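Visitor: I would like to learn how to read the features of this model. Please take them in turn.

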Amino acid sequence: MKVLHLVGDHEDAGGVLSVIRNLQAVTPEGEMHHCVWVKEGYRESRQPALEYRYSPSVIAESTKHLRLFAQALPAYGDLKRLLQREPFDIIHAHSRGTLLVGMLAARFLKRPVIFTNHNYARRLGLYQWAARQRNMHTVVLTPNMARHYGLNEEMKNLKVISACFSAALLDEDLIQPAPNIPDHTIRFVGVGNVIGWKKWDLIVKALQLLPKVDQSRIQCDIWGPTLDLPESKSFDQSLRALIQKNGVSDQFRLMGSTTDIKSKLKQSDWFVLPSTNEPCSVALMEALAMGLPALVSESGGNVDLVHDGCGLHFKPDTPKSLAKQLKRILEGAFRPLSPQQIRESVRMRSATVVYRQYHKLYQSLN
């Protein structure tokens, strides 16, 4: 079975591509072949390698909705020509830009198209409409995402299938809890691109609300690149200025890119994710799979991923709420479950399980 994943990215920034890599890693030899459709000029910078097909027209995302619509038609033409040259059994779209391309393929090529929604959009109409179109099959990542879009999990063409983390992490040694010692420094780690919607600035603002003695006991390292996008570069500059203004450069550090997330998790006591409506963070699942408790915004996929005892939630976009939870951690007022129990909470989101769910869906449409 040949699957063409419509992604449309112009750079190898993880996210959807990490999920596809994780699925590829557990695909039995000869059972399924994964190809990824990306923007012409895309360069692979992560491993393991994926197989690609290219389009000069396709885009994954845009802050301008008109550009998404304008690019959909020529991108559909590129896809149609690709399918004429090379047959694929499954067309699987993964981004807002490729959703529109997939909808054109479903309508005019009369073949089933899967769209996995990896976003919490503010404008819901397009996604609700797509979920009800003939030949379109929508996948949402968690039950909370279905609720966000007003979609009933019992709908015929709707499935809830999680994003996934590498199944190999379940064989790694668990991270041991931080010692319960007064004045012990608590090491937090965050993983993700340096861009506004990740809201790393909330951590800086929360630190400023803590007494100096509490600030001194926190070490927060953020691992992730500043993207070659104006909004990412601008956020990087404003975030660094905020760090200097608040005098927390020793407590909050931007560490840059890494391809070794596992070692960064092992050096930490807590995982932190401040973004609002994070769909289903792979990095968060990786942290939980290693037994690390998580401090997350009470929104998006986080409410389905971080169960009672596996971490703490704070009110979205609220530095005061985040500071309150940091204080609880510093005081030892919250004792997380054991690392093994935290790992078990996400076992069903490993690539091995998610692959079987997608394989079943693919077979039903092939």
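**Sheets, a helix and cavities**

Guide: One open sheet has six strands in the order β10-β9-β8-β11-β12-β13, with parallel pairing. Its edge strands are β10 (252-256) and β13 (311-314), and each of these pairs on one side only. From one strand to the next the twist averages 25°. The model is predicted: local features need pLDDT of at least 70, side-chain atom pairs count only at pLDDT 80 or more, and totals for chains, interfaces and linings use all residues. Residues are numbered from 1 along each chain as its sequence is written, and side-chain values use heavy atoms, with hydrogens and water left out.

Visitor: What makes two strands a pair?

Guide: Strands of a sheet pair through backbone hydrogen bonds, either parallel or antiparallel. Here two strands pair if DSSP finds at least two bridges between them. Strands (E, at least two residues) and helices (H or I, at least four) are DSSP runs, numbered from the N terminus. Strand β8 (residues 186-191) and strand β11 (residues 270-273) run parallel and are joined by two bridges. V189 has F271 of β11 as its bridge partner. For the twist, axes are lines fitted to C-alpha atoms, for helices over the stretch in contact, and angles run from 0 to 180 degrees between N-to-C directions.

Visitor: What is the strand order in the open sheet of seven strands?

Guide: The order is β3-β2-β1-β4-β5-β6-β7, with parallel pairing. Each of the edge strands, β3 (52-55) and β7 (158-160), has a single partner strand, so one side of each is left without a neighbour in the sheet. The twist again averages 25° from one strand to the next. Five bridges pair strand β1 (residues 2-6) with strand β2 (residues 33-39) in the parallel sense; L6 has W37 of β2 as its bridge partner.

Visitor: How many residues of α3 are buried?

Guide: Buried means under 20% relative accessible area, exposed over 50%, and partly exposed in between (1.4 Å probe, protein chains only). In α3, 11 of the 13 residues are buried, so this helix is largely enclosed by the rest of the structure. Among them are R96, T98, L100 and M103. Just after α3, K110 takes a positive phi of about 55°.

Visitor: What should helix α3 span at 1.5 Å a residue?

Guide: The expected span is 1.5 Å times one less than the number of residues. For α3 (residues 96-108) that gives 18 Å, and the end C-alpha atoms are 19 Å apart, which agrees.

Visitor: How many cavities of 30 Å³ or more are there?

Guide: On a 1 Å grid over the protein atoms alone, a cavity is a set of points where a 1.4 Å probe fits but cannot get out; lining residues have an atom within 4 Å of a point. Grid points are joined across faces, edges and corners, and a volume is the space filled by probe spheres set on the points. The count is two. The largest cavity holds about 60 Å³, and the second largest about 50 Å³.

Visitor: Which elements each supply at least two residues of the lining of the largest cavity?

Guide: They are α6 (201-208), β9 (218-223) and α12 (319-331). The lining has nine nonpolar, no polar and no charged residues. Ala, Val, Leu, Ile, Met, Phe, Trp, Tyr, Cys and Pro count as nonpolar, Asp, Glu, Lys and Arg as charged, and the others, Gly among them, as polar. One of the lining residues is L295, found in strand β12 (residues 294-297). L295 is buried, with a relative accessible area of 0%.

Key
1 Å grid on protein atoms, 1.4 Å probe; cavity = no way out; pocket = protein on both sides within 12 Å on 5 of 7 lines; lining within 4 Å.
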